[in-house]
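I sat down with this one today, coffee in hand, and kept short notes on what I looked up. Here they are, in the order I made them.

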Amino acid sequence: HILRQGKASVNTMASETCASMAHVGLGLVGCSWFALRAHVPALLSLEAQSAVRLVAVCSRTRKSMAKAEAAAGRSLTRHAKMEALFADAAVHVVLLALPIPLVADAIEAALRAGKHVFSEKPVCASLARTLTLFRAYSCIGRELGTRPRWLVCENWAYKPAASYLRARL
């Protein structure tokens, strides 16, 4: 899974953001069946290997958030709205597991809130919105004084063939 394979990226975000903290709080936005079966187990595995800790969830329903807590095996801070999770000081990084039409606005809002972001592919539903999002991202660092990191979770980047090619380019 991308979060396990991308451990170096997670640890880079963690060390740059919260060097003096005991852990880096991660908030999961979207508690779909896929998030619960793929992302939560990967996050729990990552917790055992790094300073990242799942601390909060956001979903449209209490039932979905309860399922995320059950999958995590502990109580998590629940947020009914993404904006509340993005404002949560205990959350430093967000993982967006949302339907494609909702992702771009969530990415931009999280970045503007100063959160590092993991998003899935595709980034946006249209090329025009993707370009608008990239332009906004390039300005966010100037607005905040520092630019949060944004990683699109693409598993091909961590495949041996891609690593081989990257090392030779």
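**Entry 1: the sheet.** I began with the strand order: in this predicted model, six strands form an open sheet that reads β3-β2-β1-β4-β5-β6, with parallel pairing. Which strands stand at the edges? I found β3 (77-79) and β6 (150-153) there; each has a single partner strand, so one side of each is left without a neighbour in the sheet. I also looked up the twist: on average, neighbouring strands are turned by 25° against each other, direction ignored.

**Entry 2: a helix on the sheet.** Next I checked what α4 (residues 62-72) touches, and noted that this helix packs on the sheet against β2 (52-58) and β3. The direction of α4 makes about 155° with that of β3.

**Entry 3: one strand pair.** I then picked out β1 (residues 24-29) and β4 (residues 93-96), which run parallel and are joined by four bridges. For Leu28, I noted Leu95 as the bridge partner in β4.

**Entry 4: two helices.** How do α6 (residues 100-112) and α7 (residues 127-144) pack? I read off an angle of about 5°, with the axes 10 Å apart. Angles under 35 degrees count as roughly parallel, so α6 is roughly parallel to α7. On the α6 side, I listed Ala104, Asp105, Ile107, Glu108, Leu111 and Arg112 as making the contact. From α7 come Arg129, Leu133, Ala136, Tyr137, Ile140, Glu143 and Leu144. I sorted the residues of this contact into eight nonpolar and five charged, with no polar ones.

**Entry 5: a cis bond.** I looked at the loop between β5 (116-120) and α7, where Pro122 lies. The peptide bond joining Lys121 and Pro122 is cis, with omega about -10°. I jotted a reminder beside it: most peptide bonds are trans.

**Entry 6: the largest pocket.** How much space lies in the largest pocket? I noted about 390 Å³. Its lining has 17 residues, and Gly30, Ser59, Arg60, Leu98 and Leu102 lie nearest the centre. By type, I wrote the lining down as nine nonpolar, five polar and three charged residues.

Terms used: Residues are numbered from 1 along each chain as its sequence is written. This is a predicted model: local features need pLDDT of at least 70, side-chain atom pairs count only at pLDDT 80 or more; totals for chains, interfaces and linings use all residues. Side-chain values use heavy atoms; hydrogens and water are left out. Axes are lines fitted to C-alpha atoms, for helices over the stretch in contact, and angles run from 0 to 180 degrees between N-to-C directions. Angles under 35 degrees count as roughly parallel, over 145 as roughly antiparallel, 65 to 115 as roughly perpendicular and the rest as oblique. Contact means heavy atoms within 4.5 Å. Ala, Val, Leu, Ile, Met, Phe, Trp, Tyr, Cys and Pro count as nonpolar, Asp, Glu, Lys and Arg as charged, and the others, Gly among them, as polar. On a 1 Å grid over the protein atoms alone, a cavity is a set of points where a 1.4 Å probe fits but cannot get out, and a pocket is an open set with protein on both sides within 12 Å along at least five of seven lines; lining residues have an atom within 4 Å of a point. Grid points are joined across faces, edges and corners, and a volume is the space filled by probe spheres set on the points. Two strands pair if DSSP finds at least two bridges between them.
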